[in-house]
Amino acid sequence: MSDQNCLFCKIVSGQIPATIIEKNDRVTAFNDITPQAPIHVLIIPNQHFTTMAQVAENDLKLVGEIIEMADKLAKQLGVQSYRTNINTGADAGQSVFHAHLHLLGGRAFAWPPG
Ligand code: 5GP
Ligand code: ZN
């Protein structure tokens, strides 16, 4: 359920501090420590999964709850336009191996990404 060596599990349990934006019994949202936009929130399952693909394999509904939380927070934070990003695997830029969705907003974004 949780991995005692995982940074984001420690944020869920409160062992490591973070600016929590919203939390329910399944999902936690907190500010990224190195924001890449005026709004940069990480939305994660409370349970430990290494990637979002693993979440989908085990609990597909939870993927929807994470996306639903992103849209709700974007509206709460006053942005109509936002980017959500899921990095899966090191080559895609994943550095923390507890599934997370990046919610970025408050500026314009380029496409394609680097
Ligand atoms: P990834 O590169 O795995 O897609 O994203 C990991 C994100 O976690 C990065 O944007 C990074 O800034 C953020 N991060 C890493 N360590 C911490 C931390 O201790 N606290 C918070 N709030 N964010 C972190
Ligand atoms: Zn974890």
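**Exercises: the zinc site and asparagine 87**

In this predicted model, the zinc ion (ligand 2) has as protein donors Cys6 (SG), Cys9 (SG), His48 (ND1) and His98 (ND1), which lie 2.0 to 2.3 Å from the metal.

**Exercise 1.** Determine the geometry of the site of the zinc ion (ligand 2).

*Solution.*
Step 1. The angles among the four donor atoms run from 106 to 114°.
Step 2. Four donors count as tetrahedral if all angles lie between 85 and 135 degrees.
Step 3. The site of the zinc ion (ligand 2) is tetrahedral.
For comparison, the ideal angle for four tetrahedral donors is 109.5 degrees.

**Exercise 2.** Describe how the donor residues of the zinc ion (ligand 2) are spaced in sequence, and state which parts cysteine 9 and histidine 48 tie together.

*Solution.*
Step 1. The spacing of the donor residues is C-x2-C-x38-H-x49-H.
Step 2. Cysteine 9 belongs to helix H1 (residues 7-13), while histidine 48 sits in the loop between strand S3 (39-45) and helix H2 (52-58).
Step 3. The pair therefore ties together parts that are 39 residues apart in sequence.

**Exercise 3.** Classify cysteine 9 and histidine 48 as buried or exposed.

*Solution.*
Step 1. Buried means under 20% relative accessible area.
Step 2. Cysteine 9, at 6% relative accessibility, is buried.
Step 3. Histidine 48, with a relative accessible area of 18%, is also buried.

**Exercise 4.** Describe the surroundings of asparagine 87.

*Solution.*
Step 1. Asparagine 87 is in the loop between strand S4 (82-85) and strand S5 (101-105).
Step 2. Its relative accessibility is 18%, so asparagine 87 counts as buried.
Step 3. Its side chain makes a polar contact with the side chain of asparagine 85 (2.7 Å).
Step 4. Leaving aside residues up to four places away in sequence, asparagine 87 touches Ala92, Gly93, Gln94 and His102.

How values were computed
Residues are numbered from 1 along each chain as its sequence is written. Chains are lettered from A and ligands numbered from 1 in the order in which they are written. This is a predicted model: local features need pLDDT of at least 70, side-chain atom pairs count only at pLDDT 80 or more; totals for chains, interfaces and linings use all residues. Side-chain values use heavy atoms; hydrogens and water are left out. Donors are N, O and S atoms within 2.8 Å of the metal (3.2 Å for Na, K and Ca); water is not among the atoms, so sites may look incomplete. Four donors count as tetrahedral if all angles lie between 85 and 135 degrees; four count as square planar and six as octahedral if opposite donors are over 155 degrees apart and all others between 65 and 115; anything else is irregular. Helices (H or I, at least four residues) and strands (E, at least two) are DSSP runs, numbered from the N terminus. Buried means under 20% relative accessible area, exposed over 50%, partly exposed in between (1.4 Å probe, protein chains only). A polar contact is a pair of N or O atoms within 3.5 Å; within protein, one must be able to donate a hydrogen and the other to accept it, and residues adjacent in sequence count only if both atoms are side-chain atoms. Contact means heavy atoms within 4.5 Å.
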